[in-house]
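Subject: Handing over the model

Hi,

Here is the structure I promised to pass on. Have a look at it first, and then read my notes underneath.

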Amino acid sequence: MSKFLIAGNWKMNTNAFEAEKLSGYVAGYLKENPARCEVLMCPPFTSIASVGETVKGSHIKLGAQNCYHEQKGAFTGEISINMLRYIDVTYIIIGHSERRKIFGETDELINKKIKAVLDAELTPVFCIGETIDERNAGKTYEVIEKQITSGLNGIPAEKIAKCVIAYEPVWAIGTGISATPEQAGEAHTNIRSFLKDKYGEEVSAIKLLYGGSMNEKNCRELLSLKDVDGGLIGGASIKGDSFIEIIRSADELS
Ligand code: 13P
């Protein structure tokens, strides 16, 4: 067994045809060369079910990029956790910086979603991270700690221990320039020690993923860091060969 979780966040990319092609390519490789790390694909909602069919038998897990916290009802355009569970989704990305910034998701809403995902016994991939202005102002940890405490507000430690946290510095997302190993290493170690001080030993053992321009070239350095337990990968996850190379690197490091 490997500690690594390699997760692809496809964002708003791939139609159903492209999603099947991409997932089929990666699944085909993994059927021949089974990975020891956990592999997760988070396609757009419209392709989750068909990707699930395509990757059957490959150990690839299915994730969603968002959900709504209410169970059902008059919430036009939203998707419930039960709807996702019914199509075998086990992970849900919550609080991605794009949802915070573009769609105005607040810490309070994110907290409701994390609670609902945990109540449904699925795993939230809870995203945190500072903007470049916040980093330059020396506020990185202040920002991250507020995101963590607000997002996890009112959740008992034994449930928090079931979350995955993704540190995604906003300035590294989609820019092609990842955090340096020093920056990522420092942030991850700080986050883990904050979790330990605030919620206890059990919570400090959760998986901490790095996200932000991780690719097949820089993944080794980032995944080698002590407190990095995997990656949440955008652009490089929708290129089959790049995603496979990141999975292979994780396996080689474990
Ligand atoms: P990129 O890998 O494209 O920078 O995206 C990272 C991300 O936002 C994953 O959630």
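One term before the rest: I call two strands paired if DSSP finds at least two bridges between them. Keep in mind, too, that this is a predicted model.

With that in hand, start at strand β6. Ile-128 stands opposite Tyr-167 in β6, and Tyr-167 in turn stands opposite Tyr-210 in β7. On the β5 side, 4 bridges join strand β5 (residues 123–128) to β6, and the two run parallel. On the β7 side, β6 and strand β7 (residues 207–211) also pair in the parallel sense, over 4 bridges. Val-164 of that pairing stands opposite Lys-207 in β7.

Is β6 covered on one face or on both? Both faces of this strand (residues 164–167) are covered. Val-164 and Ala-166 are buried on one side, and Ile-165 and Tyr-167 are buried on the other.

Now the overall sheet. It is a closed barrel of 8 strands with parallel pairing, in the order β1-β2-β3-β4-β5-β6-β7-β8. From one strand to the next, the twist averages 25°. Helix α5 (residues 107–119) packs on the sheet, where it touches β4 (89–94) and β5. The direction of α5 makes about 155° with that of β5. Helix α9 (residues 181–199) packs on the sheet as well, touching β5, β6 and β7. In the case of α9, the direction makes about 150° with that of β7.

Next, the N-terminal strands. In strand β1 (residues 5–9) and β2, which run parallel, 5 bridges make the join. Gly-8 stands opposite Met-41 in β2. The chain gets from β1 to β2 through α1, and this β-α-β crossover is right-handed. β2 then pairs with strand β3 (residues 60–64) in the parallel sense over 3 bridges, with Val-39 opposite Ile-60 in β3. The route from β2 to β3 goes through helix α2 (residues 45–54), and this β-α-β crossover is right-handed.

How many residues of β2 are buried? For strand β2 (residues 38–42) the count is 5 of the 5, so the strand is largely enclosed by the rest of the structure. Split by face, Glu-38, Leu-40 and Cys-42 are buried on one side, and Val-39 and Met-41 are buried on the other. I would look at Glu-38 in the viewer, given that it is on that buried list.

α1 has a helix partner too. Helix α1 (residues 16–32) and helix α12 (residues 240–253) pack at an angle of about 35°, with their axes 9 Å apart. α1 passes α12 in a right-handed crossing. From α1, the contact uses Leu-22, Tyr-25, Val-26, Tyr-29 and Leu-30. From α12, Gly-240, Asp-241, Phe-243, Ile-244, Ile-247 and Arg-248 take part. The residues of this contact divide into 8 nonpolar, 1 polar and 2 charged.

One residue in β8 is worth a click: Leu-232, which has its place in that strand (residues 230–233). Is Leu-232 buried or exposed? Buried means under 20% relative accessible area, and Leu-232 comes out at 2%, so it counts as buried. Leaving aside its neighbours within four places in sequence, Leu-232 is in contact with residues including Ala-7, Asn-9, Ile-93, Val-125, Cys-127, Ala-166 and Leu-209. Ala-166 is the β6 residue that I listed above as buried. Between the C-alpha atoms of Leu-232 and Glu-18, the separation is 20 Å, and the two residues are 214 apart along the chain.

Last, two backbone oddities. Phi of His-59 is near 70°, which is a positive value in a residue other than glycine. His-59 lies in the loop between α2 and β3, and at 71% relative accessibility it counts as exposed. Asp-88 is not a glycine either, and has a positive phi of about 70°. Its location is the loop between α3 (81–86) and β4. With 52% relative accessibility, Asp-88 counts as exposed.

That's what I have for now.

Cheers

Technical notes: Residues are numbered from 1 along each chain as its sequence is written. This is a predicted model: local features need pLDDT of at least 70, side-chain atom pairs count only at pLDDT 80 or more; totals for chains, interfaces and linings use all residues. Side-chain values use heavy atoms; hydrogens and water are left out. Buried means under 20% relative accessible area, exposed over 50%, partly exposed in between (1.4 Å probe, protein chains only). Axes are lines fitted to C-alpha atoms, for helices over the stretch in contact, and angles run from 0 to 180 degrees between N-to-C directions. Contact means heavy atoms within 4.5 Å. A crossing is left-handed if the near helix is turned anticlockwise from the far one by less than a right angle, and right-handed if clockwise. Ala, Val, Leu, Ile, Met, Phe, Trp, Tyr, Cys and Pro count as nonpolar, Asp, Glu, Lys and Arg as charged, and the others, Gly among them, as polar. A crossover is right-handed if, with the strands pointing away from the viewer, the path from the first strand over the helix to the second runs clockwise.
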